[in-house]
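Colleague: Got a minute to go through this one with me? I'd like to start with the ligand and then move on to salt bridges.

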Amino acid sequence: MEIGVIGVGYVGLVTGAVFADLGNDVICADIDKDRIERLNRGEVPIYETGLDEMIHRNVEGGRLTFTIDVHRLVRESELIFICVGTPPKDGGETDLSYVERAAQAIAHAIDDYKVIVNKSTVPVGTGALVSDIIERHKRKSVRFDVVSNPEFLREGSAIQDTLAPDRIVIGAPNKTVAMRLLELYAPLERPMLITDVPSAEIIKYASNAFLAMKISFINAVANVCEQAEANVDDVAKGMGYDARIGRGFLYPGLGFGGSCFPKDVESFVHKSGELGYDFKLLKEVLSVNRERAPHLLGIIRKSMGSLEGKVLGVLGLAFKDNTDDMRDAKSVEVIRALLEEGAKVKAYDPVAMDNARSILNGVEFCPSAYAAAEGADALVVVTEWREFRQLNLVRLKELMARPLIFDGRNIYDVERTKRLGFEYHCMGKA
Ligand code: NAD
């Protein structure tokens, strides 16, 4: 099929690469000229396992091209995927200006029947909005359909998630249009749900909000465990064995960050309010999440007293492991608070250092976890990178000025750290 992808961020780039890998002809366009130039030079602007190889393979095979010319993309594609950003505005509402701009560009160039597929995460009603914009601005009297096909990939495993999604949701105005998408996704042999456009739009928000709720739930339970001298990891395991509950997302820690969960939950609350429903449950999910970093900082203060002049090593900057994405990362909140209280911060992340440098001032960025630990009065684990689980704790202790760990992701064993002579604080355990 001839496919166009508008917006080559995490979602657009991975989507375009995977569609090309399935044998389609894919044109990707972005308004960011620099990003397109880099891609045309063979540079992949984001870190995602397996993405480099997949892009190069398909560019060489002539199935994947990059351009700033959205009009060409529209003319040469039968299916056009909108994958632009949908950031939050103050107050939680979704900023739809990028989607609107993409819709206008489509309207100006559309010259034949096209299926416009919205893959960006957008509030219910956006399919109708896109349809309306194209209808009002189109220069030729042509037909088109707008489909909602929300994306569920996770950064860090985006290629795998796109090749083998748990489900593919297709919100289409009629069966004929839905069949076009079914045909495209058929080679993946994954479960597909065909529904109407508004339901598909809500499925995405309801799913992310539910997962965020699981995270806040176990974090609230962690607070109770701390008071009751119980072990939240065991509580989560005990709950997770119940097939109705499941183990996923029951990991206590610093809470959720990143470019999706916080904004999507806020947006869902906002849209629900507009539609006349006060989603108090999700407001509380956000409130529990907001308390996580201050909670860890409280534990640090209680143990260390004044932080003035103290050296703190921070392990992990990205909002989660296996990504370089710093959007809404908990590290930013934690580090800024430490700096404000007069601490010296030495930080390390396996891949997010470049992105972190442009956000965080006054931090010493170190070449390794051991370098961040050297001379530190304490270590703070912020991101659950596998590499941190595998550190040699004996060596770490020798390098540190004081054997003190604050583990915001519960990656170490309490007994072992104690045996090795660390003072170890984590989440949800006495
Ligand atoms: P991103 O910020 O990484 O990329 C968006 C890209 O769109 C940017 O390169 C930007 O320059 C480009 N763009 C903006 N307006 C444009 C326009 N009018 N024409 C062409 N290009 C334009 O965003 P992302 O993380 O890829 O997310 C995209 C959408 O997918 C969002 O709605 C997000 O909520 C959703 N989503 C993201 C993830 C994720 O893990 N990142 C997962 C599922 C869904």
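Colleague: Okay, which residues come nearest to the ligand?

Modeller: Keep in mind that this is a predicted model. There are 26 residues around the ligand, and Val11, Asp30, Thr86, Glu155 and Lys263 come nearest.

Colleague: What does Thr86 do there, in terms of distance to an oxygen atom of the ligand?

Modeller: Thr86 has a polar side-chain atom 2.5 Å from a ligand oxygen. Lys263 has a polar side-chain atom as well, 2.6 Å from an oxygen atom of the ligand. You can add Arg327, where the corresponding distance to a ligand oxygen is 3.0 Å.

Colleague: And how much of the ligand does the protein bury?

Modeller: The protein buries 90% of the 830 Å² that the ligand exposes when taken alone.

Colleague: Which helices each supply at least two residues of the shell?

Modeller: Helix H1, residues 10-21, and helix H5, residues 97-109. The largest share comes from H5, with three residues.

Colleague: What's the mix of residues in that shell by class?

Modeller: Ten are nonpolar, seven are polar and nine are charged.

Colleague: Switching topic: how many salt bridges are there?

Modeller: The count is 24. One of them involves Arg327, the residue we met at the ligand: its side chain pairs with Asp325, at 3.1 Å from N to O.

Colleague: Are those two buried or exposed, going by relative accessible area?

Modeller: They fall into separate classes. Asp325 has a relative accessible area of 3%, so it counts as buried, the cut-off being under 20%. Arg327 is at 44%, which means partly exposed.

Colleague: Which residues do shared partners join into one network?

Modeller: Arg38, Arg41 and Glu43 are joined that way through their salt bridges.

Colleague: How far apart are the closest N and O atoms of Asp278 and Lys283?

Modeller: They are 2.6 Å apart, and the pair forms a salt bridge. Asp278 is partly exposed at 39% relative accessible area, and Lys283 is also partly exposed, with 39% relative accessibility.

Colleague: And what about Lys89, which residue does its side chain meet in a salt bridge?

Modeller: That's Glu93, with 3.8 Å from N to O. A salt bridge here needs the nitrogen within 4 Å of the carboxyl oxygen, so this pair counts.

Colleague: Why do you call Lys89 partly exposed?

Modeller: Because its relative accessibility is 41%, and partly exposed covers what lies between buried, under 20%, and exposed, over 50%. Glu93 has 31% relative accessibility, so it is partly exposed too.

Conventions:
Residues numbered from 1 in each chain as written. Predicted model: local features only at pLDDT ≥ 70, side-chain atom pairs only at ≥ 80, totals over all residues. Heavy atoms only, no water. Near = heavy atom within 4 Å. Polar contact = N/O pair within 3.5 Å; in protein donor to acceptor, adjacent residues only side chain to side chain. Areas by Shrake-Rupley, 256 points an atom, 1.4 Å probe, with all protein chains shown as cover. Helix = DSSP H or I, 4+ residues; strand = E, 2+ residues; numbered from the N terminus. Nonpolar A, V, L, I, M, F, W, Y, C, P; charged D, E, K, R; others polar. Buried < 20%, exposed > 50% of the residue type's maximum accessible area, 1.4 Å probe, protein only.
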